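The following exercises are to be worked through with the sequence and the three-dimensional model side by side. Attempt each task before reading its solution.

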Amino acid sequence: MATGAGEPWQQQASVTLHFSVSYPTQWGQSILLSGSGALLGGLQWAQARQMSCHHEKDVLVWEATILLPWKPSYSYKYALARQKDDESASGPNVFGNWLIEKEDAAGERTVWLPEGLQGGELVEVVDTWIDKSHPAALMASAAFTKVLFLHKPLIRSGGLSPSDLCRPAPGETVVRLQVADFQLEDAEALLVTGGIPQLGNWQPDQMTRLTETHTPFWEAELRVPYSCFPFTYKYAIQTADGLVLEVGEPRLACLPSSASVGAPTVMVRHDGYFRRDRHWRGAGVAVPVFSLRTAHSVGVGEFLDLIPLVDLADKCGLRMIQVLPVNDTCVYGTWWDSYPYSTLSVHALHPQYLALRELLAEEGQQLPFDLASEVHKARRDLDGSQVDYVATMAFKTAFVKKVYDRYGKATLQSPGFLSWFEANAHWLRPYAAFCFLRDIFQTSEHWRWGCMSSGSAEVVERLTRPGGEFHSRIQLTYYTQYHLHRQLMRASEYASSRRVVLKGDLPIGVDKRSVDCWTCPHLFRMDKSTGAPPDAFSPTGQNWGFPTYNWEAMAADGYAWWRSRLSHLAAYFTAYRIDHVLGFFRIWEVPGDCVTGLLGYFRPSRPLTRSELEQRGLGDVERLTRPYITQQLIRQTFGAERAEVVAATYMLEEGNGKYRLRPAYASESAISSLPLRPDSPAWLVAEVEETRAGLLKLRQNVALLPDPEDPDCFHPRFSLMSTSSFAALPAPWRAALRHMHDDYYFRRQEDVWRSSALSKLPALQAASDMLVCGEDLGFVPACVPPVMKELGLVGLRIQRMATEPGREFNNPAAYPYLTVASPSCHDVTPLRAWFESDPDRAERFYYHQLGGCGPPPPTCNPNVVRAVLQQHINCQSMLAVFPIQDLMALSSEYAARPAVEEVINDPTVSKHYWRFRMHTTLETLLADSDWLATIAEMLVLGERAPPAVLINMNMNSAGSGNHDASVGVGVSGVGGGGGSGNHDVYSNDVGGPPPPPPPAAAAAAAAPPPLYHGENEMSGGSAAGAGPVANGLASSSAQQQPLVPNHYPHLDNHLNHLNHLNQQQQQQLPDGDGGPY
């Protein structure tokens, strides 16, 4: 076939791209480059190019040179990889011959090529590798882009305008500089200065301004003669108050060092992020939705109660609301369903959160009088100090059916419902079918449903098809879920509009009596349970009863179940907490016949093999794996009087004073099920309970646990050295077992667990754009912190749960940035209850952590609370999140409730009733300007909220009076921490007349508060140590140390301006007018 003058590729201009990126790889690792077009691998890692490397001083530079056809732009990306060792290896991170260990967090980059390149010219592309742990990389998440930075205009021009472009010229290189920054406020701009004339020779008045081309990227082009290379430069921010230069050494631009490359016509420098000395820090409140109380809620907190909570958070400068899981947990039909982590469906929402008053809102109607009266009466009847889960669910279930019977048909035919149903039918129809069968069979144990025990597509279709016999009952479930969706979405959208992040919770497991286990049993190990190993808070471990995951099956379809789950969660939340993130490294798997977590083992893991045991002289495996029971142990456990009866009833004698449990009592579940009549007398109840406890202790008296899938593999029982079985062994056996136990738990598994986490967690991250936090408490392997950092996962720090060996408490001042700092959480007692439960521990905490002097206070009064909270606010953690109970404890009025009533969960109780409810309505808290101002002042002084929060609050609350003196406590610290125990922003006793506010302050008072990033309004660091606290923490204001150190006079100025504004407002108010509150 004739080709004419030549092939198209021969006529098209070409360009040589030289890519380079610095990264300190380890032996065996490589950097891969993949980009758009066949020559760059089509953005597929299997066809990626392996880059070569060389050292430039102490920096390892990876590079690749490729001749490409000219086109306006190329997209490309980098990855850290190593060649797979096993040809048969597979998984989500395996592409061709490569195992991808991590990708550059910048994602797909774009290089724009200027027109007019004649052919073969060199374009030098110098990139900065971005780790997911970079603070600025976290700001690409939805929590920032869709909520916290929502007020900022987005620029999407895609590139520089023609007037900003430079044309290549002989002897010169066109240098295109690009840098990103998410934290710029309105009217702020990025500039660049450097040591060449084109960049102003470091003169502040001759800097080059960059153009925002695609938020958050800023770019500029300049022509630089070859003779000016190398040159140094830095970026700067132009603020209303002047210039802020980035920190660190100047950046260096050099011509390519490779002689084969030559001088470039164009040099593109992607410089990553503007180097700030401090990054965004915010604060939030944690509260279960069921714990909220408003004037409208019926028996329990509801989704629409989040709206006044958003107002509360926004008013005092809190930028996050963290809730517990809100999925349906209606498994048993009893108060056991109050447990929010026992998920019936990972998609469906819990009906208890439905605001009944709004069921007709979509139709623009209100409830008729008879129904409204029912709601009003139920609100009064169910308005107890705690949640009555059963009564509340009974009323709401019956009431929703009444409304559905009258008005449901119109809702189900509305365009809004039809659109929602179409998008959610994939989970909604199986869920509705499951709920129907649960109610018919009066149990959620789907394995007892006969021919319906398989949740196949055919079964679901038969039960939910339109026009079917049970379709009306199925539609009632649709109707309920639709209204729950609308109400949570309404709260979510309102929170975003107020720039408050809603943070959800991702439970580690699902109940085995769930829709998911019914429809997808192959994804779960139904004969095993999820739990946690023993720790100081739970000496026998935890058994949550959830089946463990079949990760191999989940990986086979690219984690589709997880992707569906997380994309659904992302419809309502822009951040989420992974419950027990350690479970993605390894899960504590408990046999199905256990009730405690003591006889569990880690999965995945490298178990001990029979040959290893034999090599160490431990050949009698049966002795180590069977419960060690002797006549002496029976007497010690049950006493001499009952020992003979217990042994005869529950055990078989083997001779030589040894016993074994009868088969009928050989498991924990069988022992725990020893029969006891409900009307048994107290002495018999106590005796049976003692028998159960004693038999459990004997059953757990083993050294090794057989692996359930390999008869030649074994797991050391956790803390086997504490057992009498271990104590009775010969000394050489004890030494060998001690070594193998410690190696198993602290050394042997690290590579296995790291690989496990890196194969799962990136898939979760990629499923949504939510900010991901991980609850990494408990028995934390050494591999967890580096993997969390590598993946950019935000960890959790609880002050009383020390992360360093030998320490009783954490010091918040030492927390890294990628953490959430909290004084307590739902799984531990709130601050007041914890402090008051152990006076000796409270005394150590008071002296060692708070730096107190004099006798410690007998109770956790508001002064103690403020000292603890201020430590957390001042620390360097990205987020400081406070349970609502700890924030309310700042007020002596709200702390009048017994502290033990504020406990949400007791992990040591297998069936705990989750019923904590705030004793004060959100309306009351919103009207308490003093309490709100206390929180706002602490956040401003800790640089987690802008001064404008206090200014606006001061203007809105003028004339409201002074704070309660009980919350004025001195805490000395470094950096932005501090405040004043006797410096009240609502009083005028600041030592002389305040100066008039500058125009900027007045403007700030009139405008919505900007999102504060701690960069310009306050200088200095933000870390706070455990400095001395005022004597006794309960002295009067006049005796307390000032919260604002003398070396931060700018804070005094801010507060003086606030007081001046307060005076002006008071002069304008008529007598007796206390302001809008």
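**Exercise 1. Strand pairing in a sheet**

In this predicted model, strand S11 (residues 172-180) and strand S19 (residues 266-273) run parallel and are joined by 6 bridges. Determine which residue of S19 stands opposite alanine 180, and place both strands in the order of their sheet.

*Solution.*
Step 1. Opposite alanine 180 one finds tyrosine 273 in S19.
Step 2. The sheet is open, has 8 strands and follows the order S4-S5-S1-S10-S19-S11-S15-S14, with mixed pairing.
Step 3. At the edges are S4 and strand S14 (211-214), each of which pairs on one side only.
Step 4. On average, neighbouring strands of this sheet are turned by 25° against each other, direction ignored.

**Exercise 2. The partners of strand S5**

Describe how strand S5 (residues 59-69) pairs with strand S1 (residues 14-22) and with strand S4 (residues 52-56).

*Solution.*
Step 1. S1 and S5 pair in the antiparallel sense, over 9 bridges. Within this pairing, phenylalanine 19 stands opposite alanine 64 in S5.
Step 2. S4 and S5 are also antiparallel, with 5 bridges; here histidine 54 stands opposite valine 61 in S5.
Step 3. Examine the connection. S4 and S5 form a hairpin with 2 residues between them, and lysine 57 in the turn has a positive phi of about 60°.
Step 4. For the side chains, recall a general rule: in a regular strand they alternate between the two faces of the sheet.

**Exercise 3. Two loop residues**

Classify phenylalanine 470 and alanine 899 as buried, partly exposed or exposed, and identify their contacts.

*Solution.*
Step 1. Phenylalanine 470 lies in the loop between helix H8 (457-464) and helix H9 (471-497). Its relative accessibility is 31%, so phenylalanine 470 counts as partly exposed.
Step 2. Apart from neighbours within four places in sequence, phenylalanine 470 is in contact with Phe436 and Leu463. Phenylalanine 436 is 34 residues away from phenylalanine 470 in sequence, yet their C-alpha atoms are 8.5 Å apart.
Step 3. Alanine 899 belongs to the loop between helix H26 (884-888) and helix H27 (922-927). The cut-off for a buried residue is under 20% relative accessible area; alanine 899 has 9% and is therefore buried.
Step 4. With neighbours within four places again left aside, alanine 899 is in contact with Arg832, Ala833 and Glu836. Between alanine 899 and tryptophan 834 there are 8.6 Å from C-alpha to C-alpha, although they are 65 residues apart in sequence.

**Exercise 4. The length and burial of a helix**

Check whether the span of helix H28 (residues 929-941) agrees with expectation, and state how many of its residues are buried.

*Solution.*
Step 1. H28 has 13 residues; at 1.5 Å a residue, the expected span is 18 Å. The multiplication uses one less than the number of residues.
Step 2. The end C-alpha atoms of H28 are 18 Å apart, so the two values agree.
Step 3. Of the 13 residues in H28, 12 are buried, including Trp931, Ile935 and Met938.
Step 4. Just after H28, glutamate 943 takes a positive phi of about 60°.

**Exercise 5. The largest cavity**

State the volume of the largest cavity and name the residues nearest its centre.

*Solution.*
Step 1. The structure holds 11 cavities of 30 Å³ or more, and the largest encloses about 230 Å³.
Step 2. Its lining consists of 24 residues, with Ala286, Gln322, Arg577, Cys825 and His826 nearest the centre.
Step 3. The largest share of this lining, 3 residues, comes from S37.

Terms used
Residues are numbered from 1 along each chain as its sequence is written. This is a predicted model: local features need pLDDT of at least 70, side-chain atom pairs count only at pLDDT 80 or more; totals for chains, interfaces and linings use all residues. Side-chain values use heavy atoms; hydrogens and water are left out. Two strands pair if DSSP finds at least two bridges between them. Helices (H or I, at least four residues) and strands (E, at least two) are DSSP runs, numbered from the N terminus. Axes are lines fitted to C-alpha atoms, for helices over the stretch in contact, and angles run from 0 to 180 degrees between N-to-C directions. Buried means under 20% relative accessible area, exposed over 50%, partly exposed in between (1.4 Å probe, protein chains only). Contact means heavy atoms within 4.5 Å. On a 1 Å grid over the protein atoms alone, a cavity is a set of points where a 1.4 Å probe fits but cannot get out, and a pocket is an open set with protein on both sides within 12 Å along at least five of seven lines; lining residues have an atom within 4 Å of a point. Grid points are joined across faces, edges and corners, and a volume is the space filled by probe spheres set on the points.
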